[in-house]
Amino acid sequence: MKPDVAIVGAGPAGMAAAIRATAAGAQVVILDDSPGAGGQIWRGMEQTQNGRQAREWFHTFAALRSSVLNNCRVISASRAPLKLLAETPAHRVEISPRALILATGARELFLPFPGWTLPGVMGAGGLQAMAKSGLPIAGKRIVVAGSGPLLLAVGAYLKSHGAKVKLIAEQASRMAIARFAVHLITQPAKLAQAAGLQLGLRGVPYLQGCWVEEAFGDRRLQSVRIRRGVKTWTVDCDYAAIAYGLYPNAELALLLGCRMSGSCVAVDELQRASIENVYCAGESTGIGGVDLSLVEGEIAGYAATGETGRAHALFARRKRAQTFAEALNSAFALRPELRNLPRGDTFVCRCEDVTFKHLQQATSFRAAKLHTRCGMGPCQARVCGPATEFLFRWKSESVRPPLFPARLETLIEHKTEEQETLS
Amino acid sequence: MPEQIEIRIDGKPLAVAAGTSVAAAIFLAGESCFRTSVTGEPRAALCGMGICFECRVTIDGVPHCRSCQILAQPGMEISTSR
């Protein structure tokens with residue numbers, strides 16, 4: 001396929017980019033790892049379409065005549081010429097676009113603690129995603145914990161679907177949350193959203209300066225121990241939904257050689273990454289929520305099709321969303337005590353079962369990889385990389401193809417072509 | 001009532017609503033161990049969005065399928081690696 005624009009990721013940023021690029025007359029191909037569009041925040045909403053904002057975007061997106069490849073993951077990529085190698089459950093896909101928009105979103109940040117590998121301990125958005133995909137949660141006792149406004153949204157969602165949400169434990173201090181609440185007043189739409197969540201969560205304790213320090217159970221989760229200051233107590237539960245905020249999915253950008261800004265893909269005002277004809281929009285450029293993702297996607301869609309005037313017209317909207325994101329990220333900064341959660345025998349790398357004790361002897365992520373196999377399993381450090389970045393301040397930026405475990409046929413054909421180009 | 005789909009998990013038949021992910025179906029079957037880790041621990045879905053690979057199972061003979069990203073289809077044969 002040789003489209004004008006290829007977009008990786010069909011969450012809000014990717015959908016918005018596709019809509020604007022198509023409006024500019026471009027032929028667009030969208031690749032997404034999930035069975036349907038919407039990304040994580042709008043997962044499963046293609047059918048239900050709850051919420052007016054999502055409904056409108058889905059409606060416009062569905063009317064596009066661009067090709068959407070679902071259940072399609074990018075395995076490898078090259079920059080000159082721009083080329084993506086991807087696979088669907090049945091096919092190997094090669095795409096040589098004129099421009100590439102990365103809208104790969106974010107994943108949840110998981111921090112290791114004793115018992116976190118027990119079945120029943122999941123991410124916060126993770127449990128919500130599972131519930132949206134048919135996991136029955138009515139009547140289940142659930143502890144929601146970690147950090148960020150997502151905990152409130154998840155708690156409200158679970159409760160509205162009949163779960164007994166025992167409590168929401170937020171690691172940030174009451175003071176930090178109060179400062180953030182003041183900021184909400186300047187954003188009427190956000191304030192209304194927050195008030196709605198509060199109403200939906202009536203009767204659920206929202207404890208700040210509070211976290212889960214251990215999970216217990218015999219082959220599956222039975223209870224968690226909560227800490228708040230010097231006080232600890234145990235809560236029985238069927239599921240624990242725990243995540244410490246979001247972390248950008250930047251693997252594809254790193255493979256292409258895009259310049260980074262911390263853990264995020266660095267972009268200019270037109271959402272251009274440091275590589276020619278590569279754009280990036282949404283959470284992978286910095287965690288900022290759905291409004292920022294949408295406007296960044298729109299800007300990238302216009303910019304990638306030469307409509308810079310229309311892109312410029314959206315800068316003010318992006319600025320407002322960015323200001324909100326900054327307040328949010330500083331309010332929910334992670335407290336250093338969380339670095340002491342793992343014990344010596346706590347697994348940090350869940351693919352290779354590498355313990356905290358073994359990692360403490362390493363001096364860098366690379367050294368840890370070489371000596372312990374940390375980060376060398378199927379998830380390719382997507383879980384332990386961000387965790388060790390927080391625990392040990394390591395960076396794990398070396399990304400190599402395949403980005404995901406791939407079928408042999410996909411790789412073999414790729415190899416042959418590489419050899420052909422070489423000869 | 002959404003359309004029901006018949007699948008098999010570790011040989012046992014199960015009916016799930018159309019649109020149910022394989023991971024959700026495995027929990028529905030009362031199973032909480034999707035795979036056994038390299039040191040022998042039971043593991044189940046963690047991220048729910050195709051990142052962590054903890055929910056991988058064998059589907060119709062194909063190993064290492066991320067069950068959270070795959071929707072149940074009629075006649076699917078799923079095996080966990082308990």
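Trainee: What makes the contacts in chain A ones that join residues at least 24 apart?

Mentor: In this predicted model, contacts between residues at least 6 apart in sequence were considered, and 65% of those in chain A join residues at least 24 apart. Two residues are in contact if their C-beta atoms lie within 7 Å, so the percentage concerns pairs that meet in space although the sequence separates them by at least 24 places.

Trainee: How do you know whether chain A, with its 15 helices and 22 strands, is as compact as a globular protein of its length?

Mentor: For 423 residues the globule rule gives 22 Å, and the radius of gyration of chain A is 21 Å, which is close to that value, so chain A is as compact as a globular protein of that length. Along its principal axes, the C-alpha trace of the chain spans about 65 × 50 × 35 Å.

Trainee: Why is helix H5 of chain A called largely enclosed?

Mentor: A residue is buried if 20 or more other C-beta atoms lie within 10 Å of its own. Nine of the eleven residues of H5(A), which runs over residues 150-160, are buried, and therefore the rest of the structure largely encloses this helix. Among the buried residues are Leu150(A), Val154(A) and Tyr157(A), whereas for chain A as a whole 50% of the 423 residues count as buried.

Trainee: What covers the buried residues of H5(A)?

Mentor: The cover includes helices H4 and H7 (188-200) of chain A, together with strands S10 (141-147), S11 (164-170) and S16 (239-244) of that chain.

Trainee: Which element gives the most to the side of chain A that touches chain B?

Mentor: The two chains meet through 32 residues of chain A and 33 residues of chain B, and on the side of chain A it is H4(A) that gives the most, with four residues. By class, that side has 13 nonpolar, ten polar and nine charged residues.

Trainee: In chain B, what makes S2 and S6 the edge strands of their sheet?

Mentor: The open sheet of chain B has five strands in the order S2-S1-S7-S5-S6, with mixed pairing. Strands S2 (12-17) and S6 (62-66) of chain B each pair on one side only, and they are the edge strands.

Trainee: How do you know that S5(B) and S6(B) pair?

Mentor: Two strands pair if at least two bridges are found between them. Strand S5 (residues 56-59) of chain B and S6(B) have three bridges, in the antiparallel sense, so the condition is met.

Methods
Residues are numbered from 1 along each chain as its sequence is written. Chains are lettered from A and ligands numbered from 1 in the order in which they are written. This is a predicted model: local features need pLDDT of at least 70, side-chain atom pairs count only at pLDDT 80 or more; totals for chains, interfaces and linings use all residues. The radius of gyration is taken over C-alpha atoms; the globule rule is 2.2 Å times the number of residues to the power 0.38. A residue is buried if 20 or more other C-beta atoms lie within 10 Å of its own, exposed if 12 or fewer, and partly exposed in between; C-beta atoms are placed from the backbone. Helices (H or I, at least four residues) and strands (E, at least two) are DSSP runs, numbered from the N terminus. Ala, Val, Leu, Ile, Met, Phe, Trp, Tyr, Cys and Pro count as nonpolar, Asp, Glu, Lys and Arg as charged, and the others, Gly among them, as polar.
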